[in-house]
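The following exercises are to be worked with the sequence and the coordinates at hand. Each task is followed by a solution in steps.

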Amino acid sequence: RACKMRVIAILMLATGASAFLSQPALLPTPAARLRTSARNGGATQLRAVDIPAGYGAVMSTAAFSAGMVQWAAIQVALARKKYDVKYPKMYEGTDDSVFDCVQRAHQNTLEYLPSFLALLMLNGIAAPYATAIVGMVWNIARILYVVGYGKGDPNGRLPGAAVSGLAFLGLIVATFGNGVMMSGLMPGSA
C-alpha cells in the first residue's frame, strides 16, 4: 500500500498534479473540502481551490517585490564600494555611518518580506485586486524607506516606514478576517 501511494504521488508530480486540478472548486466549509472515503481505506482527500481570475495581479506584485529587494541589495553593494566596507563585515560600526543606514534599510525589508509574501498570496485568493494594490503600496513605500534611510539620516526612513507599516497591518487584518470567513468558523460565514 505504501508503495502504491508513492507511485501515485510521483505520477501526480509528473503530470503537474492534474488530479488536483481536474475539479477545481472553492468549497464553502472545511468539511466540504475534506472527505473520508471507505473506498480508499479511510484516507482523507483534499480538493483543489479555484485561483481567482485577478490572481495574476497578486503574482505580479510578488514578482515586483523580488525585484525591489534585489534593487535594495544593489544599493548595499554600491554603498559597500563607496564607503570601502569589506566583506564579510556586515556593518561599518560608526555612529554616523551612511553605509550602516543603507545596509539596515535592506535588512529590515528582508525581515518583513516572508510575512508580507505569505499574507499577499493568502489574501489574494479572497481579494486579488485589492491585495495587489495594497501590496504595491507596500513595495513603493519600501522603496521610499530605502531611499530615505540610505541618505544617512535614520529619520529619513520614517515616511516609508509609516506607509509600509499601515499597508502591512492592512494585509494582516484582511488576511485574518478573510481566513476566518473562509474557514466557516463564524456563524453565517463561508
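The exercises below concern a predicted model.

**Exercise 1. Overall architecture**

Determine how many helices and strands the protein has, in which order they occur, and what share of the residues is buried.

*Solution.* Step 1: the secondary structure amounts to seven helices and two strands. Step 2: read from the N terminus, the order of elements is α-α-α-β-β-α-α-α-α. Step 3: of the 190 residues in the protein, 29% are buried.

**Exercise 2. The length and course of helix α5**

Compare the expected span of α5 with the separation of its end C-alpha atoms, and locate the bend in this helix.

*Solution.* Step 1: helix α5 covers residues 98-126, which gives 29 residues. Step 2: the expected span is 1.5 Å times one less than the number of residues, so the prediction for α5 is 42 Å. Step 3: the end C-alpha atoms of α5 lie 42 Å apart, in agreement with the expected span. Step 4: the axis of α5 nevertheless bends by about 40° at L113. A proline, P114, follows within four residues of that position. Step 5: at the start of α5, the backbone nitrogen of F99 has a side-chain oxygen of S97 within 3.4 Å.

**Exercise 3. The salt bridges**

State how many salt bridges the structure holds, and classify the partners in each as buried, partly exposed or exposed.

*Solution.* Step 1: there are two salt bridges in the structure. Step 2: one joins K86 to D84, with 2.8 Å between the closest N and O atoms. Step 3: the limit for an exposed residue is a relative accessible area over 50%. K86 has 54% and is therefore exposed; D84, with 51%, is exposed as well. Step 4: the other salt bridge links the side chains of R104 and E111, at an N to O distance of 3.0 Å. Step 5: partly exposed residues fall between the 20% and 50% limits. E111 is therefore partly exposed at 43%, and R104 is partly exposed at 26%.

**Exercise 4. Backbone features between α4 and α5**

Identify which peptide bond is cis and which residue other than glycine has a positive phi, and place both features in the fold.

*Solution.* Step 1: the peptide bond from Y87 to P88 is cis, its omega being near 10°. Step 2: P88 belongs to the loop between α4 (55-82) and α5. Step 3: D84 has a phi near 55°, a positive value although the residue is not glycine. Step 4: D84 is also located in the loop between α4 and α5.

**Exercise 5. A buried alanine and a nonpolar surface patch**

Describe the setting of A72, then the patch to which V137 belongs.

*Solution.* Step 1: A72 is a residue of helix α4. Step 2: the cut-off for a buried residue is a relative accessible area under 20%; A72 has 1% and is therefore buried. Step 3: the C-alpha atoms of A72 and A105 are separated by 7.9 Å, although these positions lie 33 residues apart in numbering along the chain. Step 4: V137, by contrast, is partly exposed, with a relative accessible area of 37%. This valine is in helix α6 (residues 128-149). Step 5: together with I133 and V163, V137 forms a nonpolar surface patch with about 240 Å² of accessible area in total.

Notes. Residues are numbered from 1 along each chain as its sequence is written. This is a predicted model: local features need pLDDT of at least 70, side-chain atom pairs count only at pLDDT 80 or more; totals for chains, interfaces and linings use all residues. Side-chain values use heavy atoms; hydrogens and water are left out. Patches are made of residues with over 30% relative accessible area and no salt bridge: like charges are joined within 9 Å, nonpolar side chains (Val, Leu, Ile, Met, Phe, Trp, Tyr) within 5 Å. Accessible areas come from the Shrake-Rupley method with a 1.4 Å probe; for residues, only the protein chains shown count as cover. A salt bridge is a side-chain nitrogen of Lys or Arg within 4 Å of a carboxyl oxygen of Asp or Glu. Buried means under 20% relative accessible area, exposed over 50%, partly exposed in between (1.4 Å probe, protein chains only). The bend at a residue is the angle between axes fitted to the seven residues ending there and the seven starting there. A polar contact is a pair of N or O atoms within 3.5 Å; within protein, one must be able to donate a hydrogen and the other to accept it, and residues adjacent in sequence count only if both atoms are side-chain atoms.
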